[in-house]
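Work through the exercises below with the sequence and the coordinates side by side. Try each task before reading its solution.

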Amino acid sequence: MGSMNKFSKLFSAGKIGTRYTKNRIVMSPMGDNMGNPDGSLSEQAFAYYLERAKGGAGVIIPGVLSVDYPTGKTTGCQHRIDDEKFVSGWYRLANAIHHYGALLVPQIHHAGAQTNTLTTEGRTPVCVSDTDDVEHAFIRYYRSFGPQRELTTKEIYELIQKFIHAAELCRKAQCDGVELHAAHGYLISQFLSSDTNKRTDEFGGTLENRMRFAVEIIKGIRESCGRDFIIGARIPGKEWTRKGLTGEECQMIARTFEEAGCDFLDISGGTTNLSSTLMETQGYPQGDRVELAAAIREVVSVPVFTVGNLREPDFCDLVLEDGKADYVCLARALICDPFWPKKAEEGREDEIRKCISCFEGCFANIWNFRPCGCTLNPNAGFEADFDENEKAEVSRKVLVIGGGPGGMQAAITASRRGHRVILVEKEDVLGGQLNIACVPPNKYPIQYATEYLIDELKRLNVDVRTGVTADLSLVRKLSPDWVVAATGSVPATPPFPGVEHTIQAWDILNSRAVMPESQTVTIIGGGIVGCETALLLARQGYNDITILEMLPSIANDLEATHLEDLMKDFAAYGVKTITNAAVKSVDRVKITYEKNGRTEPLACEYPVLAIGQEVYNPQFIEELMRDGCRVSVIGDAVRPRKIIDAIREGNFAAYQIR
């Protein structure tokens, strides 16, 4: 009882419509791209959602179930609920979710203009208004793929019936209700916003007309599904476009939806000219959208949900205590740690694996046609395949060489599986490249990863030895049954003349180099490290910074939303870029580079090298193998990549130990 009192509001019972909830924690709807190719519920999606119910969430809202397939799809492997044959899968999930005391409320959805013919299997996407006079960033992006077709009035009425039919199918599946996706610039949101709705029929013009599509759906679901079926809506609390909804209009939408029959309102955002306002990249503070929910809660009597970059139980409890919302929606937080609720309820909040807002495993995976996953939770998206607590048949002595993210994860998973683990790290501290990755502006959430991994090693009593350089004699002395080589990478050094005059970006990030002041700085290499180092130096406000990059564009491996933020910051700070530029030489006053067959000089007082990384000491790994060691090679020791690759491979390596 003590732990429940600590977060008394978070773990108090709630009521939505006629149904009670065991706590105030909602798994927020988000696309998962886990559906079977025909749109039916996959075994992986079943396991994914069930894991979050096991972890203690009170309400599970699977995201974006298409009501009009394939025209209404927005992802390649999107779930659908437009035919009776899909009831069976959701019936199984609903009853499994109920077994853990949670409610299942699927989100029903239509993409409208936010799709393309690749996703819609060749069908021309439909839109509320066929116009390029739209600020919403996502619709502008999708319209660049090809033509879209404006819905006729008759088709709109047909779509209303499709939403109602989807709700009826969810009721047949014994789901507890549905949520309408009326935010983020998808179809219902496109009707609501003047940015996207230029119609002159009964569905355009005044706010009352723009709300008509959603209101008819809500009333129709209530009439068809009855009073005990929950109806909710995710609605905008704000729009970031010049012709978008005002705060007062968002409040009017909330009141109107409540009058029409909504049992809860889930407050997010609408149309925007910058995608990160809807998705909160690493620079956004926790709870960035809470005040939007608070404004809606002032004008309605039904429960209000808040969403957006919520990480910590004490913060969430305070939001509820202050009356800013009635429920908190956790999306990425529950992808990262499905047992966030249970850990908080049991007073183990210090064990929560906190989301670092990197988007590499969740959004980036989905945009690359892969199922939703997570950088820090290597089992996210693999719940049907792996159990991190599954014990190995035989306990082995395992040596992990390297204390970066991959090595730490390998040690953690191996220890959970019952192996006896020794981890050695040549530096005096654990973390590897995480310790410099968190230094650039807005990258502080990466510290959460370092803290969690180190704390988990302590909780599992892993034998950690820092300041120890592994060599063959040490390995022979320890005599492990299995070695995990997580030896990482080091900055690459090119062979061009004058390279000795350069400063490695890593040395700036780890404070080994003197920071420049009022100097002309050139970053040689426009990858992620180079760009983030440039931003770090630019934010000091007194350096003139140019990036030289061999490729046609910079930061090619950076997740798209963070790239958008980066380019906005570069414009604000005056960071210049020269692409298709190959550096030929460096001296004390200039850099010489070649572009389009011409050699050009560039004045430079402070040249910074960031051309990538190379595997550290690969000969040592080969030496181990020649000596007969059973070795798993992971992360940058294979080839330099990202945190998500190191952690996932560290996790997988621990399953391979036999």
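The exercises that follow concern a predicted model.

**Exercise 1. Helix packing**

Task: Describe how helix H5 and helix H7 cross, and classify the residues in contact.

Solution:
- Step 1. Locate the helices. H5 covers residues 153-172, and H7 covers residues 207-225.
- Step 2. Compare the axes. They come within 9 Å and cross at roughly 35°.
- Step 3. Assign the hand. The crossing of H5 past H7 is right-handed.
- Step 4. List the contact residues. H5 contributes Ile156, Leu159, Ile160, Phe163, Ile164, Ala167, Glu168 and Arg171. H7 contributes Phe213, Glu216, Ile217, Gly220, Ile221, Ser224 and Cys225.
- Step 5. Sort them by class. The contact of H5 with H7 has ten nonpolar, two polar and three charged residues.

**Exercise 2. Two salt bridges from one loop**

Task: Find the salt-bridge partners of Asp133 and Glu135, and say where each pair sits in the chain.

Solution:
- Step 1. Take Asp133. Its side chain meets that of Lys198 in a salt bridge, at 4.0 Å from N to O.
- Step 2. Place this pair. Asp133 is in the loop between strand S8 (126-127) and helix H4 (137-143). Lys198 is in the loop between helix H6 (187-192) and H7. The two are 65 residues apart, so distant parts of the chain are linked.- Step 3. Check exposure. Asp133 is partly exposed, with a relative accessible area of 42%. Lys198 is also partly exposed, at 30%.
- Step 4. Take Glu135. Its partner is Arg242, and the closest N and O atoms are 3.6 Å apart.
- Step 5. Place this pair. Glu135 lies in the loop between S8 and H4. Arg242 lies in the loop between strand S11 (230-236) and helix H8 (247-260). The pair therefore ties together parts that are 107 residues apart in sequence.
- Step 6. Check exposure again. Arg242 is exposed, with a relative accessible area of 74%. Glu135 counts as buried at 13%.

**Exercise 3. A salt bridge between strands**

Task: Which strands does the salt bridge of Lys576 and Asp544 tie together?

Solution:
- Step 1. Check the distance. The closest N and O atoms of Lys576 and Asp544 are 2.4 Å apart.
- Step 2. Name the strands. Lys576 belongs to strand S23 (residues 576-578), and Asp544 belongs to strand S22 (residues 544-548). The bridge therefore joins parts that are 32 residues apart in sequence.
- Step 3. Check exposure. Lys576 is partly exposed at 38%. Asp544 is partly exposed at 36%.
- Step 4. Turn to a network. Asp130, Asp132 and Arg143 are joined by salt bridges that share partners.
- Step 5. Count for the whole structure. It holds 42 salt bridges.

**Exercise 4. Backbone features**

Task: Describe the peptide bond between Tyr69 and Pro70, then the phi angles of Ser357 and Asn442.

Solution:
- Step 1. Read omega between Tyr69 and Pro70. The value is about 5°, and the bond is cis.
- Step 2. Place Pro70. This residue is in the loop between strand S5 (65-66) and helix H3 (87-99).
- Step 3. Read phi of Ser357. It is positive, about 55°, although Ser357 is not a glycine.
- Step 4. Place Ser357. The loop runs between helix H13 (340-345) and helix H14 (363-367). Ser357 is buried, with a relative accessible area of 0%.
- Step 5. Read phi of Asn442. This non-glycine residue also has a positive phi, about 70°.
- Step 6. Place Asn442. Its loop lies between helix H16 (434-437) and helix H17 (446-459). Asn442 is partly exposed, at 28%.

Conventions. Residues numbered from 1 in each chain as written. Predicted model: local features only at pLDDT ≥ 70, side-chain atom pairs only at ≥ 80, totals over all residues. Heavy atoms only, no water. Axes fitted to C-alpha atoms, helices over the stretch in contact; angles between N-to-C directions. Helix = DSSP H or I, 4+ residues; strand = E, 2+ residues; numbered from the N terminus. Left-handed = near helix turned anticlockwise from the far one by under 90°. Contact = heavy atoms within 4.5 Å. Nonpolar A, V, L, I, M, F, W, Y, C, P; charged D, E, K, R; others polar. Buried < 20%, exposed > 50% of the residue type's maximum accessible area, 1.4 Å probe, protein only.
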